[in-house]
Amino acid sequence: MARIKSSVNVTKCCEDGAYGIDPNRFKTLRDLIRNHPSIRAKNNELLQSKKQLLTELIAKKLGVNHLHDMRPMILSTLLEFVYSAAYDIWKEKKDSAPFYDVLDETFVLIENGMNYPCVY
């Protein structure tokens with residue numbers, strides 16, 4: 001989870017204006033990537049290659065072959081959707097909290113497990 005925390009920290013720094021990044025521009029770019037059809041399509045292409053690299057890295061860390069063990073692909077896909085869900089939750093909150101807080105909270109939920117009892 002250290003790398004996930006690093007991702008949250010990078011997002012926080014970008015939202016706070018570190019690295020010479022304008023926070024408003026960062027938010028606008030993130031919105032464009034998410035909502036503009038052609039930009040989103042290109043971003044999805046890039047994400048697929050990054051997801052493949054992440055899958056291979058996870059497989060290496062687990063000591064398995066990603067072609068024979070589905071766990072690395074499941075985990076990399078889960079992380080992709082978790083990030084997307086965190087963004088949707090953040091937008092629904094009408095920007096009441098920084099995105100990095102929502103992202104961090106989302107990863108904490110995943111890290112701690114979501115094995116909650118069902119209510120019938």
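Start by selecting Leu29, which sits in helix H2. Keep in mind as you click around that this is a predicted model. Is Leu29 buried, partly exposed or exposed? With a relative accessible area of 41%, Leu29 is partly exposed.

Now add Leu32, Ile33 and Ile39 to your selection. Together with Leu29, these residues form a nonpolar patch on the surface, and their accessible area adds up to about 280 Å². Which helix gives the most to the patch? That would be helix H2, residues 23–35, which supplies three residues.

**Zoom out for a moment**

Switch to a cartoon view of the whole chain. You should find five helices and zero strands. Following the sequence from start to end, the pattern reads α-α-α-α-α. Of the 120 residues in the chain, 23% are buried. The accessible surface comes to about 8700 Å², and carbon and sulfur atoms account for 61% of that.

If your viewer can colour by confidence, try it here. The mean pLDDT of the chain is 83, with 89% of its residues at 70 or more. Where is confidence lowest, and where is it highest? Helix H1 has the lowest mean, 73, while H3 has the highest, at 88.

**Tyr19, in a loop**

Next, pick Tyr19, in the loop that runs between helix H1 (2–15) and H2. Tyr19 is exposed, with a relative accessible area of 57%. Have a look at its backbone too: phi of Tyr19 is near 60 degrees, a positive value in a residue other than glycine.

**A few salt bridges**

How many salt bridges does a search of the whole structure find? It turns up seven. Here are some to visit.

Select Lys12 and Asp16. Their side chains meet in a salt bridge, with 2.6 Å from N to O. Both ends can be checked for exposure: Lys12 is partly exposed at 32% relative accessibility, and Asp16 is partly exposed at 46%.

Then go to Arg34 and Asp88. This is another salt bridge, and its closest N and O atoms are 2.2 Å apart. Arg34 belongs to helix H2 and Asp88 to helix H4 (residues 71–92), so this pair ties together parts that are 54 residues apart in sequence. Arg34 counts as buried, at 16% relative accessibility, because the cut-off for buried is under 20%. Asp88, at 39%, counts as partly exposed.

For one within a single helix, select Lys42 and Glu45. Their side chains form a salt bridge at 3.6 Å, N to O. Both residues are in helix H3 (residues 37–62), three residues apart, or about one turn of the helix. Lys42 is partly exposed, with a relative accessibility of 47%.

**Where H3 meets H4**

Stay in helix H3 and select Thr55. Thr55 is buried, at 1% relative accessibility. Which residues is Thr55 in contact with, leaving aside neighbours within four places in sequence? The answer is His66, Pro72, Met73 and Ser76.

One of those, Pro72, makes a good next stop, and it lies in helix H4. Pro72 is buried, with a relative accessible area of 0%. Show what is around Pro72, again skipping neighbours within four places in sequence, and you should see contacts with Thr55, Ile58, Ala59, Leu62, Val64 and His66. You can also draw a line from Pro72 to Lys61: they are 11 residues apart in sequence, and their C-alpha atoms are 9.4 Å apart in space.

**Finish in the core**

For the last stop, select Val8, Leu79, Val82, Ala86, Tyr87, Trp90, Phe99, Tyr100, Val102, Leu103 and Phe107. These 11 residues make up the largest nonpolar core. Helices H4 and H5 (99–112) each supply at least two residues of this core. In soluble globular proteins, nonpolar side chains tend to be buried together.

Before you close the viewer, turn on contacts for the whole chain. Among those between residues at least 6 apart in sequence, 46% join residues at least 24 apart.

Methods: Residues are numbered from 1 along each chain as its sequence is written. This is a predicted model: local features need pLDDT of at least 70, side-chain atom pairs count only at pLDDT 80 or more; totals for chains, interfaces and linings use all residues. Side-chain values use heavy atoms; hydrogens and water are left out. Patches are made of residues with over 30% relative accessible area and no salt bridge: like charges are joined within 9 Å, nonpolar side chains (Val, Leu, Ile, Met, Phe, Trp, Tyr) within 5 Å. Accessible areas come from the Shrake-Rupley method with a 1.4 Å probe; for residues, only the protein chains shown count as cover. A salt bridge is a side-chain nitrogen of Lys or Arg within 4 Å of a carboxyl oxygen of Asp or Glu. Helices (H or I, at least four residues) and strands (E, at least two) are DSSP runs, numbered from the N terminus. Buried means under 20% relative accessible area, exposed over 50%, partly exposed in between (1.4 Å probe, protein chains only). Contact means heavy atoms within 4.5 Å. A nonpolar core is a set of buried Ala, Val, Leu, Ile, Met, Phe, Trp, Tyr and Cys residues joined through side-chain atoms within 4.5 Å. pLDDT is the predictor's confidence in each residue, from 0 to 100.
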